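Q: I have a model open on my screen and would like to learn how to read it. Could you walk me through some of its features?

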Amino acid sequence: MKMVDEKKHISKKEKIEMSVSIILYIISLVLAQLPWFVLKGKRYNLYSAYFHVKRYGTSGLSEAGASIWNGNLLLLKIPLIVFGLYELCSAAYIMTVILRKDKRLNIIVMVLGYAAMLLHLTTGLATIADNTTMTMLYPLVLTGVNVVEFLAVRMIDIWKESVEQAKESSRKEKVEKEEERRRLSFPGKYTKLFYQIVWKNFRYDWQDYRLFLLCGTIVTALIFAGTGSYQMMAGLHRAENFLIGEGLGLIVWNAMVPIGVCAVFLMVFVLIFYMQKWMQSYSIFLTLGTRKKALLLIIGLEIVISFICSLFAGCIIGNGIIMILRKCLYLQIGRDMVLAAVTWKTYVKVLLVMFLIYLVALAATRDIATDFDITNAAVRRIRKEKVPRKFVPVFGIIGFVLCAWSLLKYRELRNYENIKLMALLFLGLFLLIRFTESMWIRHKRKKRTYIYHMLQDNQIYHKSQTSAWYMFALVILHTCALFYFAFPAVSVTIAEKPESLFPYDYVCIADDRDDNFFEHIKETYHADITSFPMVRVTNADKTEKSESIREEKIPQGQQIGISETIYRALKKANGQTSKLSQNVLDAKGNKVYLVHQQDRSVKAQPVDWSYGKKKPFLHIGIPCEGFSMFRAKLDSPTYIQRTIAGEEFGSLIGCFRQGKLENVVVFSDEYFKKAQKMWKYTNIIDGSIITDKKDRIDGVTVSQGPTKLVLIHTDKKHVPEIDNAMQKFAKKHKADLDYDAEISSYYSKKAAVADIKTERATKQIVNIFVISAMAIASMFLVYVKVLSELEDKKNRADFLKCMGMKKKERKHLLQHELYVFYRIPMGVAVVVTALYTVATFHARMYNLSVQKAYVKNCIGLWLGYVVLEWIFIWILGKFLIKKVETNEEFM
């Protein structure tokens, strides 16, 4: 009878909850026993799969699974045990639900399911089964069913109350909307007086609006000039390849990205300032009953007008800059080149970019545009910011370690002057600035002299976080201007002359079938032809992009392999001294010497971009399309990690691909003879070694690739005719170029020189643009900061005047507060620039004479930037004093 009474008290909601829990957990237990795993073509469930592997070992697995598993059963047993516990707890939970015992076992089941999932995906059967996708879904499906049960029970629990609350909330919202519509109904129109007041208010805020217009105009002009200069020179350059970082496209892209970031930063910062001022002016309109919709329409019109005017003015100024650049290019490259005109496409691109910048700026300031609570804004402005107190030395040390580690890594060639290391530097600088400032404030407060300097350092005491952010932003802008973008702009001026980078008129990558062709060139055009044996050397990865293990194919690079004797002969022919020491290279080919064929203006870069940058993966032969870098040791034994015995920068046969491709890899003479025969047994599909001679089919499983490096000198008058002949030669070798369009069967000095001149001019122009953008951004940042604090400084000046402080002392106080945002950021930027410039010298292997030439050419830029920033701060200080002390208009 007692059991019957208990059953009578089970509510309908509880029955539904019990049914859902029981059904879903039974489903999860049934799913757990299904044959999810495929091993060597047969299906098994979790337990039978484990015992199959335990019994047969690697022989019970497919070839792919056997290559991955190391034979450790314990790694398979641990997730199996966790799954067993998971199923036992699931069964126990079903029993507690039936018996109505609330033991919360479903939470334990979910925890065990999550743990089993992690183990299963990393060390379990999912790693060795043939159907990887299904076995990865196995724990996800089981845990997903448990999560659904947990959420479903909770939803059933609160469903009725939630529905009733939603209905009540909807009813109240409807009533409130009706009341608001009735109360704010405005059947008429605003009077003429309203528009007159709005116009008068706009004229009163004209100075702030003028700043907004000026910012948009400058940004438009810079973007127009950068985009126009690319279009102007695009016809002078060969085909672009963004993937490997070649050509004008990437140069302009690398400049436009920071200019775009600065533009968004400037627009957001100026728009925030303008919106704050605008709200202060228009807050009275809300008090008088003006609809918020009308005010939003007004600010929208002001922004649209600003966009149109700044776009129009910026395009006019940009065209003027383009005209100046055109004249500069004629002086640098020569008037025999043909520069394209700026077309409608440039205007469309600028329009789209500026629209995107305005859109991002408006999205960033959306909260300000919709928040008209001026009281809270005023409170936020005067609220004191907390100084960090916990773990201050720890964070300071972390910041220093990050900066030091970034510097040490930046000086290594294999890190290719990575922008990520600069980001790491800036993170460390922020920690140093923020927490060093905190330690300085706490130290100052302990000293007796604290009270005497309290007014001078008040802004740092009171607004420590804001001050740190301002200084950090200025440090980034100054560092980028003085180092990151100054280095490529100035390195162009110290680079070798383009003609000196190409000692031969033509360089051909040929084979034995081309002997008659070159004999014809020699006899017909009286060309001086030198031929050397070579092998094609393939590196595992040619792109800076970081590839994951999931990617099927990674683009491989192609280099030129020669012997030590040939290297010395080429050096002697060029009148250069050999830098390769005797007896450094070994007969096994494990050690190589690299010649990075690039000029001084190109950043340091490794020959192989895989995780083996320090010991590159180098394969003798043409690229193998079936090669996987992550399985190289198993499937492709010919892709060997080789030790770099030495390396140099410069031109040996010609810097035709500027260090990305066609570098020279030098082997010992003994190994080079072996390398010339390796093609006979190397599988061109995956790089494996073909042991059975019957399987070595030329053109199907094996291929020799290029065998001769042909160097040609000829008279200039024969160049057009030889160009035509070389095009026929290229068609003959078209099949050799199918893998990579950037690799050619021949290279022309004339075309390469024209490309380098165009690239250098573009690089110099766009980097100067970026430096200008950084300077403008830093000036705007400080200027807007001064304007945003102007009202507070006026109020403070009135108070100090009443307290008896002399005008001279008040002026000195204003100057001190302003100049600190020049001295500290500029000082930090100068130190960082000096350290990272030396690090770059080391990475690019500049000798002492080149280093001196760089400093000599760059000192003018450095001094000009520092002096320009100082002049601006000085003028801004005069402006600030005039506005605060006399309340007169200065601009």
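A: Happily! Let's begin with a term: two strands pair if DSSP finds at least two bridges between them. Keep in mind that this is a predicted model. With that term in hand, look at I529, which stands opposite I712 in β12.

Q: Which strand is joined to β12 there, and by how many bridges?
A: Strand β4 (residues 528-533) is joined to β12 by six bridges, and the two run antiparallel.

Q: What does β12 pair with besides that, and in which sense?
A: Strand β3 (residues 506-510) pairs with β12 over five bridges, in the antiparallel sense. You can trace this pairing residue by residue: V507 has L711 of β12 as its bridge partner, while C508 stands opposite V710 in β12.

Q: In what order do the strands of this sheet come?
A: A general idea helps here: in a regular strand, side chains alternate between the two faces of the sheet. In this case the sheet is open, with four strands in the order β4-β12-β3-β13 and antiparallel pairing. Its edges are β4 and β13 (746-748); each has a single partner strand, so one side of each lacks a neighbour in the sheet. From one strand to the next, the twist averages 15°.

Q: Is strand β12 largely enclosed or largely open to the outside?
A: Five of the six residues of β12 (residues 708-713) are buried, so the rest of the structure largely encloses this strand.

Q: How do I read the sheet that contains β9 and β10, and what is its strand order?
A: Follow the order from edge to edge: this open sheet has seven strands, β9-β8-β5-β6-β11-β7-β10, and its pairing is mixed. At the edges stand β9 (640-641) and β10 (643-649), each with a single partner strand, so one side of each has no neighbour in the sheet. For a parallel example, take strand β7 (residues 591-596) and β10, which pair over six bridges. Within that region, L594 has E647 in β10 as its bridge partner.

Q: Which helix packs on this sheet?
A: Helix α21 (residues 564-573) does, touching β6 (557-563), β7, β10 and β11 (664-667). The direction of α21 makes about 90° with that of β6.

Q: How is a pair of packed helices described?
A: Two packed helices are described by the angle between their axes and the distance between the axes. Here, helix α18 (residues 464-484) and helix α19 (residues 486-494) have axes that come within 5 Å and cross at roughly 15°. Angles under 35 degrees count as roughly parallel, and α18 and α19 are therefore roughly parallel to each other.

Q: Which residues meet between α18 and α19?
A: From α18 there are C480, A481, L482, F483 and Y484, and they meet A486, F487 and P488 in α19. The residues of this contact divide into eight nonpolar, no polar and no charged.

Q: How many disulfides should I look for?
A: A disulfide is a covalent bond between the sulfur atoms of two cysteines. Taking cysteine sulfur atoms within 2.5 Å as the cut-off, the count here is zero disulfides.

Q: Are C315 and C655 buried or exposed?
A: C315 is buried, with 11% relative accessible area, and C655 counts as buried at 2% relative accessibility.

Q: Where is Q815, and how far is Q815 from L876 in space?
A: Q815 lies in helix α27 (residues 807-843) and is partly exposed, at 22% relative accessible area. Q815 and L876 are 61 residues apart in sequence, yet 9.4 Å apart in space, C-alpha to C-alpha.

Definitions and conventions:
Residues are numbered from 1 along each chain as its sequence is written. This is a predicted model: local features need pLDDT of at least 70, side-chain atom pairs count only at pLDDT 80 or more; totals for chains, interfaces and linings use all residues. Side-chain values use heavy atoms; hydrogens and water are left out. Axes are lines fitted to C-alpha atoms, for helices over the stretch in contact, and angles run from 0 to 180 degrees between N-to-C directions. Angles under 35 degrees count as roughly parallel, over 145 as roughly antiparallel, 65 to 115 as roughly perpendicular and the rest as oblique. Contact means heavy atoms within 4.5 Å. Ala, Val, Leu, Ile, Met, Phe, Trp, Tyr, Cys and Pro count as nonpolar, Asp, Glu, Lys and Arg as charged, and the others, Gly among them, as polar. Buried means under 20% relative accessible area, exposed over 50%, partly exposed in between (1.4 Å probe, protein chains only).
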